[in-house]
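The following exercises concern packing, burial and open space in a single protein chain. Please work through each task before reading its solution.

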Amino acid sequence: MTAMPTPYGDTEALEHCRIETAPEVPTAVVRQQDFPMYDMASLMDGTFTHLAEALAGAAIAPIGPALALHHRQPVSTADCEVGFPVGRVLEGEIELPSGYVVTGSVLPGGRVARISHRGAYGGLAEAWGAFTEEIGEAGEQMIFPFWEFYVTMPGPDVNPATLRTDLVSLLEPREG
């Protein structure tokens, strides 16, 4: 199995904001425009329940944890991509049993800021706020998109306090 390229794939959580250069990474995702935030759990469940098996049928393997990429700040709705980083580009489309359609996309390459959040998903908004503040204090400017890697797979036997979600934001390019 191919592994996530550097700087992704850390085995340990990142306690502080780290700024690095990242390559483009192919993804296989379900894209949604103006998706209601109150229904995000159904999008995640309807995608992640079936996606790994569907990709295996297309001879494509995930190379990293599940992800959600946002093209704008979600408020009541989101423009997002939900899926997995993959070892090669997905050609065509795959329809999931949930009715969602999977297509190929990429995580953008460039300068990124990264940090890890430990805890329940309910704490992600606060974690993003602190991350945004740390990026600003470093003299950096976030740009879209931004994304989350769900490093710890949730489940009925998983303590929410032990969940690890890596937060990533593309940064404004620097000249020179």
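**Exercise 1.** Determine which elements the buried residues of H1 pack against.

*Solution.* The model is a predicted one. Start with the buried residues of H1, which are Met-40, Leu-43, Met-44, Gly-46 and Thr-47. Next, follow their contacts to other elements: these buried residues pack against S2, H2, S3, S4 and S8.

**Exercise 2.** Describe the largest nonpolar core, and state which element gives the largest share of this core.

*Solution.* Begin with the extent of the core: the largest nonpolar core comprises 22 residues, and Met-40, Leu-43, Leu-55 and Val-102 have the most contacts inside it. Then assign the core to elements. Two or more residues come from each of strand S2 (25-36), helix H1 (40-48), helix H2 (51-57), strand S3 (66-70) and strand S4 (77-85). The largest share, 4 residues, is that of S4. Finally, examine one member with many contacts. Once neighbours within four places in sequence are set aside, Leu-55 contacts Ala-28, Ile-60, Pro-62, Phe-84, Val-86 and Ile-94. A second core, separate from this one, has 13 residues, including Met-4, Tyr-8, Ile-63 and Trp-147.

**Exercise 3.** Characterise the lining of the largest pocket by element and by residue class.

*Solution.* First, take the volume: the largest pocket holds about 810 Å³ of space. Second, identify the lining. It is made up of 30 residues, and those nearest the pocket centre are Met-44, Ala-68, Leu-124, Glu-148 and Tyr-150. Third, consider the elements: at least two lining residues come from each of H1, S3, helix H3 (124-137) and strand S8 (142-150). S8 contributes the most, with 6 residues. Fourth, sort the lining by class, which yields 22 nonpolar, 7 polar and 1 charged.

Met-44 thus appears twice in these solutions, as a buried residue of H1 and among the residues nearest the centre of the largest pocket.

**Exercise 4.** Is Ser-169 buried or exposed, and which residues does Ser-169 touch?

*Solution.* Locate the residue first: Ser-169 lies in strand S9 (residues 164-171). Its relative accessible area is 0%, and the cut-off for burial is under 20%, so Ser-169 is buried. Leaving out residues up to four places away in sequence, Ser-169 touches Arg-111, Val-112, Ala-113, Phe-131, Ile-135, Met-142, Ile-143, Pro-145 and Phe-146.

**Exercise 5.** State how many disulfides the structure holds, and classify Cys-17 and Cys-80 by burial.

*Solution.* The count of disulfides is 0. Cys-17 has a relative accessible area of 19% and is therefore buried, the limit being under 20%. Cys-80, at 2% relative accessibility, is likewise buried.

Notes: Residues numbered from 1 in each chain as written. Predicted model: local features only at pLDDT ≥ 70, side-chain atom pairs only at ≥ 80, totals over all residues. Heavy atoms only, no water. Core = buried A, V, L, I, M, F, W, Y, C linked by side-chain atoms within 4.5 Å. Buried < 20%, exposed > 50% of the residue type's maximum accessible area, 1.4 Å probe, protein only. Contact = heavy atoms within 4.5 Å. 1 Å grid on protein atoms, 1.4 Å probe; cavity = no way out; pocket = protein on both sides within 12 Å on 5 of 7 lines; lining within 4 Å. Points joined across faces, edges and corners; volume = space filled by probe spheres on them. Nonpolar A, V, L, I, M, F, W, Y, C, P; charged D, E, K, R; others polar. Disulfide = S-S within 2.5 Å.
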